[in-house]
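Hi,

Here is the structure I promised to pass on. Have a look at it first, and then read my notes below.

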Amino acid sequence: MRTGGIDSSQIQSMIAQLKAHATRPSLTPPVIQTEAPAQPKVEFTDALKTALDSVNASARTAEGMGKKFASGDDSVSLSDLMIAQQKSSINFQAAIQVRNKLVSAYHDIMNMQV
């Protein structure tokens, strides 16, 4: 008897293999995880330093590309230079916005009544 391209004998063979596998004792017991794995804690100062280093790196890259382009280096195209400068500008503007939010939060905390 044929059902959907698989013989009934093949189905019976697969079922027998599954049963044999199910009755075989497992060497390692299943691991039941009751707690979420510990995530490494990120310090605020480390995150802020990393972000500022990234802003500095993009500014240095754009500055270096600008100097190369101005000196006539053919390895730097005008479009690459403009893209690097825009990325640097966007990173810097984002850093300024974060700074403004931090200063605002600081002032709010300092003006709280205790």
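Leaving aside neighbours within four places in sequence, which residues is Ser 88 in contact with (contact means heavy atoms within 4.5 Å)? They are Ser 58, Ala 59 and Ala 62.

Before the rest, a word on the basis. This is a predicted model, where local features need pLDDT of at least 70 and side-chain atom pairs count only at pLDDT 80 or more, while totals for chains, interfaces and linings use all residues. Residues are numbered from 1 along each chain as its sequence is written, and side-chain values use heavy atoms, with hydrogens and water left out.

Now the overall picture. The protein has three helices and two strands, in the order β-β-α-α-α along the sequence. Helices here are DSSP runs of H or I with at least four residues, strands are runs of E with at least two, and both are numbered from the N terminus. Of its 114 residues, 7% are buried; that word means under 20% relative accessible area, with exposed being over 50% and partly exposed in between (1.4 Å probe, protein chains only). The protein exposes about 10200 Å², and carbon and sulfur atoms supply 61% of that (Shrake-Rupley method, 1.4 Å probe).

Next, the helix pair. Helix 2 covers residues 44–70 and helix 3 residues 78–110; their axes come within 9 Å and cross at roughly 150°. Axes are lines fitted to C-alpha atoms over the stretch in contact, with angles from 0 to 180 degrees between N-to-C directions. The two helices are therefore roughly antiparallel, a label for angles over 145 degrees. Among the residues that meet are Val 55, Ala 62 and Phe 69 from helix 2, and Leu 81, Phe 92 and Leu 102 from helix 3. By class, this contact has twelve nonpolar, five polar and one charged residues. Nonpolar covers Ala, Val, Leu, Ile, Met, Phe, Trp, Tyr, Cys and Pro; charged covers Asp, Glu, Lys and Arg; the others, Gly among them, are polar.

Finally, three residues to click on:

- Ser 88 is in helix 3 and counts as buried because its relative accessibility is 12%.
- Arg 60 sits in helix 2 and is exposed, at 57% relative accessible area. Its C-alpha atom is 9.8 Å from that of Gln 85, though the two are 25 residues apart along the chain.
- Asp 80, in helix 3, is partly exposed at 39%. From Asp 80 to Met 65 is 8.3 Å, C-alpha to C-alpha, with their places 15 residues apart in sequence.

Cheers

Terms used: Angles under 35 degrees count as roughly parallel, over 145 as roughly antiparallel, 65 to 115 as roughly perpendicular and the rest as oblique. Contact means heavy atoms within 4.5 Å.
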